[in-house]
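Q: I'm new to this structure and would like a close look at a single part of it. Could you take me through the nonpolar core and what sits around it?

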Amino acid sequence: MTEEKLNLEAARIGEEDPCLPEGTGNAVSEADRGKADDLTQDEYRFLDSIMTKTFNSVMSIEERVLESRLTAGLTIAEVHTIVAIGLHGMSPMKTVAARLGVSVPTLTSAVNRLVKKGHVERVRDDADRRLVLLRLTNSGRKACRAHDLFHKRMVVSAVEGLSRNEVDVLVKALTQVKAFFESEAEKAAQ
């Protein structure tokens, strides 16, 4: 992205360019900020900071969780591949690739590594011998359960002490964040 496009994007969302000295950026009027027009600059910065730190914390903690004996030697991407296979028993490569949002050749590389590590096996479909299905081995299921437990603890912690209404608001907000990332991923793919 060119510098001009970055400046225009910063202006469009109503903030100063964080890479320029304060007060010299591209701030736009409060009225031009769309749905975020009720946010003060401090609220915007706080939300940006908490969202970024939360995302980074999840990634960092997931990396540390991978150091357990059940997931030792696996990358986060490999654990997520295991989960995408494990949640559904036996699945065709194309289906698992779609769940992960990756191409079949990308998945093939990941599966090759997981087969070598003993977490995944390929099985021919009895009805259509051309179709290769993926399933987890015993060690793959253990890694899947360890990762699932981490996510269950994360969700329970996030909603603990919240009212039903607050949980609904949290779900709505996270759904919007997810939609943003999906939209950005689609733009990047074009």
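A: Here is a walk through the core, with its surroundings and one pocket added along the way.

Keep in mind from the start that this is a predicted model. To get your bearings, the protein has seven helices and three strands. If you read along the sequence, they come in the order α-α-α-β-α-α-β-β-α-α. Of the 190 residues, 22% count as buried. Among contacts with a separation of 6 or more, 39% are between residues 24 or more positions apart.

Now for the core itself. In soluble globular proteins, nonpolar side chains tend to be buried together. Here, the largest nonpolar core has 17 residues, and Ile82, Leu107, Val120 and Leu134 are those with the most contacts inside it. Which elements give two or more residues to this core? They are helix H3 (76–86), helix H4 (93–100), helix H5 (104–116), strand S3 (132–136) and H6. H3 has the largest share of the core, with five residues.

Let's zoom in on Val120, one of the residues with the most contacts inside the core. Leaving out residues up to four places away in sequence, valine 120 touches Ile85, Val111, Leu114, Val115, Leu134, Arg135, Leu136 and Thr137. Notice that Leu134 is on that list, and Leu134 is also named among the residues with the most contacts inside the core. Just past Thr137 in the numbering you'll find asparagine 138, which lies in helix H6. Asparagine 138 and valine 120 are 18 residues apart in sequence, and their C-alpha atoms are 8.8 Å apart in space. Is asparagine 138 buried, partly exposed or exposed? Its relative accessible area is 43%, so asparagine 138 counts as partly exposed.

Helices H3 and H5 both give residues to the core, and a pair of charged residues ties these two helices together as well. Glutamate 78 forms a salt bridge with arginine 113, with 3.3 Å between the closest N and O atoms. The pair links distant parts of the chain: glutamate 78 is in helix H3 and arginine 113 is in helix H5, 35 residues apart. What's fun is how the two partners sit. Glutamate 78 has a relative accessibility of 2%, which is under the 20% cut-off, so glutamate 78 counts as buried. Arginine 113 has a relative accessibility of 41%, which falls between 20% and 50%, so arginine 113 counts as partly exposed. The pair doesn't stand alone either, as Glu78, Arg113 and Lys117 are linked in a network of salt bridges. Arginine 113 also gives you another way to see how the chain folds back: its C-alpha atom and that of leucine 74 are separated by 9.6 Å, though the two residues are 39 residues apart along the chain.

In total, the structure holds nine salt bridges, and a couple of others make handy comparisons. Arginine 129 pairs with aspartate 126, the closest N and O atoms being 3.9 Å apart. Arginine 129 has a relative accessible area of 53%, so it is exposed. Aspartate 126 is exposed too, with a relative accessible area of 71%. Then there is the bridge between the side chains of lysine 178 and glutamate 182, at 2.1 Å from N to O. Both of these residues lie in helix H7 (residues 164–189), four residues apart, about one turn of the helix. Glutamate 182 is partly exposed, with a relative accessible area of 39%.

One last stop, reached by following H6. Helix H6 gives two or more residues to the core, and H6 (138–159), along with helix H2 (41–65), also supplies at least two residues of the lining of the second largest pocket. This pocket has a volume of about 160 Å³. Its lining is made up of Thr54, Ser57, Val58, Ile61, Phe150, Arg153, Met154, Ser157 and Ala158. Which helix provides the largest share of that lining? It is H6, with five residues. By class, the lining has five nonpolar, three polar and one charged residues.

So if you want a route to follow on screen, start at Val120 and the residues it touches, cross to the bridge between glutamate 78 and arginine 113, and finish at the pocket lined by residues from H2 and H6.

Note on methods:
Residues numbered from 1 in each chain as written. Predicted model: local features only at pLDDT ≥ 70, side-chain atom pairs only at ≥ 80, totals over all residues. Heavy atoms only, no water. 1 Å grid on protein atoms, 1.4 Å probe; cavity = no way out; pocket = protein on both sides within 12 Å on 5 of 7 lines; lining within 4 Å. Points joined across faces, edges and corners; volume = space filled by probe spheres on them. Nonpolar A, V, L, I, M, F, W, Y, C, P; charged D, E, K, R; others polar. Core = buried A, V, L, I, M, F, W, Y, C linked by side-chain atoms within 4.5 Å. Buried < 20%, exposed > 50% of the residue type's maximum accessible area, 1.4 Å probe, protein only. Contact = heavy atoms within 4.5 Å. Salt bridge = Lys/Arg side-chain N within 4 Å of Asp/Glu carboxyl O.
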